[in-house]
Amino acid sequence: MSTAIRKRQLGRPVSIVGAGMSRFGAFADKDSRDLFVEAFQDMLDNLDQGIDVRDIECAYVGNYSSDLFEHQGHTAPIIADWLGLTPMPVTRIENACASSGSALREGIMAIASGLYDIVLVGGMEKMTSLPTEGVTDVLATAADCLYEVPAGLTFPGIFGAIATAHMDRYDTNLDHLLKVGIKNHKNGALNPKAQFNVTIQSLMERRMARAQERGQPVPEYATEIDFLNDPGANPWIAWPLRLYDCAPITDGAACVLLVASEIAQNFSDKPIEIAGTGQASGRPLHDADELTSLSAAKAAAGVAYEMARVTADDIQVAEVHDCFTIAEIIATEDLGFFAPGEGGRAVDEGRTALHGDKPINTSGGLKAKGHPVGASGVAQVAEIFHQLRGEAGDRQVNKPNLELGLTHNVGGTGGTCVVNILRRSS
């Protein structure tokens, strides 16, 4: 049998014609099914030409662990019922934080195969019903429970180790990490659906005002970096990561509508084409070749670039999996945007800012938009969909001929990565 890698192409073109999101945040009065309905309704409300929901033929729903977060398994038929879509087939996909990214791949392949023409894809997670220690325990099940978990490696510990390795090997420093958080909060402040739609500057000013109101010593912060270097305001979680280096615990849902490109104009005036998609697996952290890169990300990106017939230089805007600030820096290197070790410097130089040459996480990223783990992959796609259509509001990337965007969704300790490349149809 030949070991040559076949160049993969979709059997027929697939497009996104609609996208929707719930608000991301903490919602005591909602569970994951409520959030998914909210995202679905948002998508329907924003479809250019509408749709009879009975025309949707199939759905895939990314969800990491409603079983542990909500004590509810078998969520796929529940979603079908709550959307009024029974007896349509709905399948739940679990791939840790890459669950909905993987669900999207299944939806793309279902249409590309010719089996279906119209497919709903979404993701959801309700995390805040558990205390922080409970959420930590649930998320730990995405790590290797034979080797990584017994060593005491929570996810902050895992990415703290990755950050330490990156800082040791390259010139990356603590300020680079802080500047990723500052940038993403600045973008999140422009996103009305973000969990933290507030800048670090505003948080700093609030802390100073609160101290003054209480008659306490007012911190002498000259800059956002001063604020983030205050252990009282930004405590250490797992060195070198602090509180504001970590994505929050989040409830939320997102969905997109996929159709065969040949019928896309029936639903949308400005459909967005799936130009390339790649998914890869990697070894657990304890067995990885290096700690400063995720092999699955490189492999998935390579497949997606080849399918889209583009390179990293062609990508104009990207949403990457910044579950921790170091993860964004490493992602930009794994995707080929910057050379190994140069990701931190690119943040320093403003290259990844909203109006930089390579805008990253215009939505606020997982860091500020929020990280409902089963929904994050599709939420990234929703952001790129809106960016390419020129409808991202105050956070719109101001580039002439904005055409190509990318999403990068990671699961576990890098064991799964899904990369999608989206193209604005001409």
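User: Why is N401 called exposed in this structure?

Analyst: In this predicted model, N401 has a relative accessible area of 64%, and a residue counts as exposed when that value is over 50%. Since 64% is over 50%, N401 is exposed. N401 is placed in the loop between α14 and β10, the strand of residues 404-411.

User: What is said about the phi of N401, and why is the sign worth mentioning?

Analyst: The phi of N401 is positive, at about 60°, although N401 is not a glycine. The sign is worth mentioning because most residues other than glycine have a negative phi.

User: How do you know whether R309 is buried or exposed?

Analyst: R309 has a relative accessibility of 68%, and with the cut-off for exposed set at over 50%, the conclusion is that R309 counts as exposed. R309 sits in the loop between α10 (295-308) and β9 (317-319), and R309, which is not a glycine, has a positive phi of about 60°.

User: What makes H371 count as buried?

Analyst: The relative accessibility of H371 is 6%, and buried means under 20%, so H371 falls into the buried class. H371 belongs to the loop between α13 (365-369) and α14 (376-388). When its neighbours within four places in sequence are left aside, H371 is in contact with several residues, including C97, M127, H321, C323 and S376.

User: Why does the pair formed by the side chains of H371 and S376 count as a polar contact?

Analyst: The side chains of H371 and S376 are paired at 2.6 Å, while a polar contact asks for N or O atoms within 3.5 Å, one able to donate a hydrogen and the other to accept it. The value of 2.6 Å lies within that limit, so the pair is listed as a polar contact.

User: Why is α6 called oblique to α11?

Analyst: Helix α6 (residues 155-169) and helix α11 (residues 325-334) pack at an angle of about 55°, and their axes are 10 Å apart. An angle under 35 degrees would be roughly parallel, one from 65 to 115 roughly perpendicular and one over 145 roughly antiparallel. About 55° fits none of these classes, and therefore α6 is oblique to α11. The crossing of α6 past α11 is left-handed. On the α6 side the contact is made by F159, I162, A163 and H166, and on the α11 side by I326, A327, I329, I330 and E333. Sorted by class, the residues of this contact are seven nonpolar, one polar and one charged.

User: What makes α1 and α3 oblique to each other?

Analyst: Helix α1 (residues 32-46) packs against helix α3 (residues 75-82) at an angle of about 50°, with the axes 10 Å apart. This angle is neither under 35 degrees, nor from 65 to 115, nor over 145, so α1 and α3 are oblique to each other. Their crossing is right-handed. R33, D34, F36 and V37 of α1 meet I78, I79 and W82 of α3, which gives a contact with five nonpolar, no polar and two charged residues.

User: Where does P87 lie, and what kind of peptide bond joins T86 and P87?

Analyst: P87 is in the loop between α3 and β3 (90-93), and the bond joining T86 and P87 is cis, with an omega of about 5°. A cis peptide bond also joins W239 and P240, where omega is about 5°, and P240 lies in the loop between β5 (236-238) and β6 (241-242). Most peptide bonds are trans.

Notes:
Residues are numbered from 1 along each chain as its sequence is written. This is a predicted model: local features need pLDDT of at least 70, side-chain atom pairs count only at pLDDT 80 or more; totals for chains, interfaces and linings use all residues. Side-chain values use heavy atoms; hydrogens and water are left out. Axes are lines fitted to C-alpha atoms, for helices over the stretch in contact, and angles run from 0 to 180 degrees between N-to-C directions. Helices (H or I, at least four residues) and strands (E, at least two) are DSSP runs, numbered from the N terminus. A crossing is left-handed if the near helix is turned anticlockwise from the far one by less than a right angle, and right-handed if clockwise. Contact means heavy atoms within 4.5 Å. Ala, Val, Leu, Ile, Met, Phe, Trp, Tyr, Cys and Pro count as nonpolar, Asp, Glu, Lys and Arg as charged, and the others, Gly among them, as polar. Buried means under 20% relative accessible area, exposed over 50%, partly exposed in between (1.4 Å probe, protein chains only).
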